[in-house]
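Biologist: I would like to go through this model with you, a few questions at a time. Where should a first-year student begin?

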Amino acid sequence: MAGAIVAGVLGVSALVGRRNAPEPGHPGIQRWYRRLDKPGFTPPDKVFGAVWPVLETGMAVGGYRLLRTPASPERNTAVALWLGTSAMIGGWTELFFRKRDLTSSSVAAAAMMGSSAGYVAAAARVDRPAALAGVPLTGWLVFATVLAESVRRRNR
């Protein structure tokens with residue numbers, strides 16, 4: 001059951017991310033994204049494409065570990081934060097790329113960062129390796145929040 005839940009979370013995330021990606025299959029999104037005034041610390045597009053699946057898979061490993069532990073309020077909180085963070089990642093791509101709402105996407109990035117940090121703290125009370133699996137995503141989301149806010153400010 002845990003494996004099926006994790007596969008579903010990763011599958012939905014991949015589909016939503018793909019639907020909103022600034023790539024040749026979505027020329028309008030790609031043109032808009034290329035025209036944005038982005039800060040010099042913006043990674044190349046290929047980095048985003050490589051980093052997100054790895055980070056989400058790390059969190060999914062943590063979610064899998066948590067789902068296999070006995071149910072408890074602490075475990076359930078950590079699982080809810082994992083699922084919420086995963087859902088927000090897809091929601092962010094919808095806000096930023098599809099709706100082009102830089103303000104909402106900046107707020108959503110900060111919310112993901114908070115949710116991810118909450119996941120790490122909650123998971124640490126249940127399963128330390130599950131918590132550690134979320135640390136890279138949390139670090140990336142700190143960076144992503146700074147980046148999203150910088151893009152918002154530059155493109156009012």
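Modeller: Begin with a definition: a residue is buried if its relative accessible area is under 20%, exposed if over 50%, and partly exposed in between. Keep in mind that this is a predicted model.

Biologist: Is F96 buried or exposed by that rule?

Modeller: The cut-off for a buried residue is under 20%. F96 has a relative accessible area of 4%, so F96 is buried.

Biologist: Which residues touch the most other members of the largest nonpolar core?

Modeller: This core has 36 residues. Helices α2, α3, α4, α5 and α6 each supply at least two of them. The members with the most contacts to other members are W82, F96 and Y119.

Biologist: Which helix gives the largest share of this core?

Modeller: Five helices supply at least two residues each, among them α5 (102-124) and α6 (128-154). The largest share is 9 residues, and the helix that gives it is α6.

Biologist: What does Y119 contact, leaving aside neighbours within four places in sequence?

Modeller: Y119 is one of the core members that touch the most others. Its contacts include W82, another of those members. The full list is M59, G62, G63, L66, A78, L81, W82, A130, A131 and G134.

Biologist: What kind of aromatic pair do W52 and W140 form?

Modeller: The structure holds 10 aromatic pairs. For W52 and W140, the ring centres are 6.4 Å apart and the planes meet at 85°. Planes over 60 degrees apart count as edge-to-face. The pair is therefore edge-to-face.

Biologist: How many residues apart in sequence are the parts that this pair ties together?

Modeller: W52 is buried at 17% relative accessibility, and W140 is buried at 15%. W52 lies in helix α3 and W140 in helix α6, so the pair ties together parts whose separation in sequence is 88 residues.

Biologist: How far apart are the ring centres of F96 and F97?

Modeller: F97 is buried, with a relative accessible area of 10%. The planes of the two rings are at 85°, so this pair is edge-to-face, and the distance between the centres is 4.8 Å.

Biologist: Which residues do ring pairs link into a cluster with F96?

Modeller: F97 belongs to the cluster, and so does Y33. The ring of Y33 also has the charged end of K38 over it, 4.3 Å from the ring centre. Besides F96, the cluster members are W32, Y33, W92 and F97.

Biologist: Which backbone nitrogen lies 3.5 Å from a polar atom of the T85 side chain?

Modeller: T85 is in helix α4, and its relative accessible area of 1% makes it buried. Beyond four places in sequence, T85 touches M59, M112, S115, S116 and L137. The backbone nitrogen in question belongs to S116.

Biologist: Is R100 buried, exposed or partly exposed?

Modeller: R100 lies in the loop between α4 and α5. Its phi is near 60°, a positive value in a residue other than glycine. With a relative accessible area of 38%, R100 is partly exposed.

Biologist: What distance separates the C-alpha atoms of L102 and I29?

Modeller: L102 is in helix α5 and counts as buried at 10% relative accessibility. Its contacts beyond four places in sequence include W32, F96 and V151. L102 and I29 are 73 residues apart along the chain, and their C-alpha atoms are separated by 14 Å.

Note on methods. Residues are numbered from 1 along each chain as its sequence is written. This is a predicted model: local features need pLDDT of at least 70, side-chain atom pairs count only at pLDDT 80 or more; totals for chains, interfaces and linings use all residues. Side-chain values use heavy atoms; hydrogens and water are left out. A nonpolar core is a set of buried Ala, Val, Leu, Ile, Met, Phe, Trp, Tyr and Cys residues joined through side-chain atoms within 4.5 Å. Buried means under 20% relative accessible area, exposed over 50%, partly exposed in between (1.4 Å probe, protein chains only). Helices (H or I, at least four residues) and strands (E, at least two) are DSSP runs, numbered from the N terminus. Contact means heavy atoms within 4.5 Å. Rings of Phe, Tyr and Trp (its six-membered ring) pair if their centres lie within 6.5 Å; planes under 30 degrees apart count as stacked, over 60 as edge-to-face and the rest as tilted. A charge sits over a ring if NZ of Lys or CZ of Arg is within 6 Å of the ring centre and within 35 degrees of the ring normal. A polar contact is a pair of N or O atoms within 3.5 Å; within protein, one must be able to donate a hydrogen and the other to accept it, and residues adjacent in sequence count only if both atoms are side-chain atoms.
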